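This report looks at a few local features of a protein chain, taking them one after another. Please keep the sequence and the model in view while reading.

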Amino acid sequence: MSDFPDKRPPARALSIVPKASIAQQAAGGSSLGPKDPLTLNFVLRALQQWWKIALPLALILSSTAVIIAWISFELSYRASAWLQIKEQQEYLAFRSERDGQRFSQTQLELIRGPIVLERLLSTPKISKLPEVNEQTDPLEWLKKRLTVKNVGGSELFEVSFAGPNPENSAMIVNSIVDSYLDVTSRDNAAQRMKVVELLNKQKDRWANEVKNARDTVRSLAKQITNKDPFIDNSDRQTTVIGSPLAVLQGMLIHAEVDRTILEAETQALKETLNSEKLEVSEQQLQESIAEHQEIQHLKADLEADQSALVAVEKKAGPASKEYVEHYRHKVENDQQKLATRTSQLREEMRQKISALDKLQRDQLIHDKEIQLTNLIRQHALLQDRVTKELKNQVQSQGDTVELEFAKGELEQAEGVFQRISDRVLALTTESVAPERVVLQKPASVPAAPEEKSPLKMAGMAGLAAFFLPFALAIAWERRVKRILDAQQILEESYLPVAGEVAALPIRRLFGRARGARNLSRARYVFEESIDSLRTSLVLSDELRDLQIIAVVSSVSREGKTSLSAQLAVSLARACNQPVLLIDADIRSPDLHQIFEVPLEPGLVKVLNGQNQPPEAIQLGKNQLVHLLPAGRLHKSPHTLMGHGAFKTLLDQFRPNYRYIVVDTPPVLSASESLVVAKAADGALLCTLRETSRAPQVKLTYDRLLRAGANVIGVVLSGVPTSHYAHKYGSYAYNHR
């Protein structure tokens with residue numbers, strides 16, 4: 001006969017599966033919610049959580065930003081010049097087929113690139129300007145303040161520069177435009193004339209080829225037909241247009257001309273680049289030396305010794321004089337080392353930069369030579385095909401074979417000569433065509449600064465700084481996804497919410513009369529929220545036969561122990577029968593302190609076989625709540641809970657208690673909680689408002705499902721009394 005009080009028949013076997021879990025399992029995955037969108041609800045929840053910290057921080061940052069913007073504000077004068085970059089080259093007789101959009105983009109990058117700007121900085125009138133001379137990196141300073149933009153989608157482009165001096169700003173813009181126009185016009189003209197010169201040589205060569213080919217055809221024709229084909233044109237045979245031979249000969253002529261032109265362009269590029277002296281600007285040299293690792297180390301040593309010297313000089317007293325002299329000597333040595341090494345590196349860096357420039361030039365020539373090689377191969381293949389086609393056509397003509405070959409060579413030579421002549425004529429004619437880039441308006445001295453007052457800049461900086469803490473708060477909440485209300489649980493995880501529990505009431509130190517009333521009201525709301533949760537569990541059709549309830553949580557400090565204790569008290573009060581409360585959190589037990597009972601003997605000794613279950617059950621102040629404390633752990637909890645020992649113990653308790661509530665360890669940090677949850681009829685997943693995180697709740701739910709536990713739903717605890725009362729109302733009853 002068992003010594004347990006109030007025996008009851010065993011409850012029926014349960015098969016309780018939440019609808020949400022069924023839907024998720026049917027969807028085929030453990031993902032418990034959609035990707036969190038940035039909704040207005042979420043933003044308001046995040047701001048509600050952080051506004052007490054974010055608002056003061058925003059005010060401080062905003063004030064600081066306004067002050068910094070106001071102090072650092074300087075007048076800036078923007079000067080602008082206008083260029084017209086035509087989409088298509090204007091022509092006199094020969095139209096260009098260049099891509100207009102790509103040409104315009106190339107010009108924009110050229111204007112704001114190092115080719116133009118370094119040339120600009122090498123001029124004394126620009127390099128000696130105060131605002132340029134005081135910059136550690138003048139090239140980057142120019143790039144940041146230079147703007148090149150298209151105007152309204154037209155062919156007009158605005159080149160503008162903003163600087164502290166209006167006259168110098170206008171001079172810098174005009175110098176940039178002049179440098180750019182000089183680069184483009186000089187390089188293009190020089191290379192064009194060189195190509196024309198080389199093509200004229202090729203034209204003369206092919207004129208001789210045509211003359212020799214005509215003489216050969218005339219000689220062979222007189223031998224065979226006794227006629228001059230160039231006098232009696234009726235006897236001269238020509239290739240039929242559209243025949244395979246005509247097509248091949250046309251392709252061969254094009255290939256020959258392309259090869260000839262590319263040879264001329266390659267030769268012109270070689271002569272142009274080789275004729276230009278590789279000069280390294282002082283700006284390039286200084287930047288390369290400054291970026292050298294050894295120079296950076298020497299500068300760091302110098303700065304450290306200078307700082308130490310300043311610190312020592314501030315200290316008064318005769319003892320510090322020796323240290324001052326010591327650090328002065330070190331600073332002088334550092335400066336001498338830096339100057340010496342800088343001088344040594346100048347020639348080394350000059351050679352490296354020159355080698356790099358030469359490598360880039362060689363790469364341009366190499367690319368041209370690869371194209372030329374491909375064209376030569378293509379020409380050779382076409383020549384073989386033309387030869388084979390000629391042989392096929394003259395097989396039945398006997399003695400006329402040699403004559404037909406000669407005619408084919410003559411047609412090819414004439415075609416090449418004519419195409420080269422056309423190309424020379426086009427380059428010569430279009431060299432005097434209108435320029436594709438035209439200066440429409442040079443820069444004039446700006447009459448007024450861009451911004452006369454720092455108000456606008458200070459206002460923008462203040463607004464940005466003010467909203468920064470709120471943006472960071474939203475980003476942080478989006479990352480951690482702390483649970484703030486029951487609706488968020490539904491939105492992010494689709495988990496069923498079994499109920500909400502108000503926060504535990506706390507006694508205030510001041511305002512006794514009003515504090516007592518507020519404490520009484522808070523206690524009532526808290527008890528009502530627990531009773532509401534208990535009622536929803538007891539009256540649910542799916543859960544009416546529920547007997548053993550495991551209260552679980554993702555991590556510690558999420559209110560599961562308090563929920564377990566209060567739920568057991570509420571169940572006992574409702575059914576007026578003993579309810580067993582088991583503290584299965586044997587790693588860190590708390591229930592024995594809440595009910596003020598001894599820790600031992602407890603669950604550990606019962607599972608270990610040292611005590612019988614009735615010997616370990618304790619009675620606290622509430623006689624209807626029987627507590628089985630955790631006991632003191634001396635071995636691995638997995639060893640105690642494993643092999644079905646805990647489930648067997650629960651089965652022994654079933655006939656004697658209507659309800660059994662089990663407080664479990666956190667699921668994510670103590671895996672034995674899965675054994676406890678699986679052995680129970682149902683598990684309540686406890687979350688704490690403003691503490692629990694949605695990803696952890698999802699992971700916990702997934703692990704419980706995989707372990708075979710029946711998750712009844714989620715309980716959101718820690719809801720403020722005012723929020724709970726506002727949401728569900730407060731309907732107190734009168735009692736003595």
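## Helix packing and aromatic rings

Where helix 4 and helix 7 cross, the crossing is right-handed. This description, like everything that follows, refers to a predicted model. Helix 4 covers residues 114–121 and helix 7 covers residues 138–145, and the two pack at an angle of about 120°, their axes lying 10 Å apart. That angle makes helix 4 oblique to helix 7, because angles from 65 to 115 degrees count as roughly perpendicular and those over 145 as roughly antiparallel.

Which residues of helix 4 meet helix 7? On the side of helix 4 they are L117, E118, L120 and L121, and they meet P138, L139, L142 and K143 of helix 7. Sorted by character, the residues of this contact comprise six nonpolar and two charged ones, with no polar residue among them.

The next topic is aromatic rings. How many aromatic pairs does a search of the whole structure find? The search finds four aromatic pairs, and two pairs that involve F466 are set out in the table below.

| Pair | Distance between ring centres | Angle between planes | Arrangement |
|---|---|---|---|
| F466 and F467 | 5.5 Å | 85° | edge-to-face |
| F466 and F470 | 5.6 Å | 45° | tilted |

The pair of F466 and F467 is edge-to-face because planes over 60 degrees apart are given that name, whereas the planes of F466 and F470 stand at 45°, so that pair is tilted. Through ring pairs, F466, F467 and F470 are linked into a cluster.

Why are F466 and F470 separated by about one helical turn? The reason is that they are four residues apart in helix 14, which spans residues 455–480.

Is F470 buried or exposed? With a relative accessibility of 15%, F470 counts as buried, because the limit for that class is under 20%. F466, on the other hand, has a relative accessibility of 22% and therefore counts as partly exposed.

A last residue to find in the model is Q105, which is located in helix 3, a helix made up of residues 100–111. Q105 has a relative accessible area of 41%, so this residue is partly exposed. Although Q105 and I85 are 20 residues apart in sequence, their C-alpha atoms are 9.8 Å apart in space.

Methods
Residues are numbered from 1 along each chain as its sequence is written. This is a predicted model: local features need pLDDT of at least 70, side-chain atom pairs count only at pLDDT 80 or more; totals for chains, interfaces and linings use all residues. Side-chain values use heavy atoms; hydrogens and water are left out. Axes are lines fitted to C-alpha atoms, for helices over the stretch in contact, and angles run from 0 to 180 degrees between N-to-C directions. Angles under 35 degrees count as roughly parallel, over 145 as roughly antiparallel, 65 to 115 as roughly perpendicular and the rest as oblique. A crossing is left-handed if the near helix is turned anticlockwise from the far one by less than a right angle, and right-handed if clockwise. Contact means heavy atoms within 4.5 Å. Ala, Val, Leu, Ile, Met, Phe, Trp, Tyr, Cys and Pro count as nonpolar, Asp, Glu, Lys and Arg as charged, and the others, Gly among them, as polar. Rings of Phe, Tyr and Trp (its six-membered ring) pair if their centres lie within 6.5 Å; planes under 30 degrees apart count as stacked, over 60 as edge-to-face and the rest as tilted. Buried means under 20% relative accessible area, exposed over 50%, partly exposed in between (1.4 Å probe, protein chains only).
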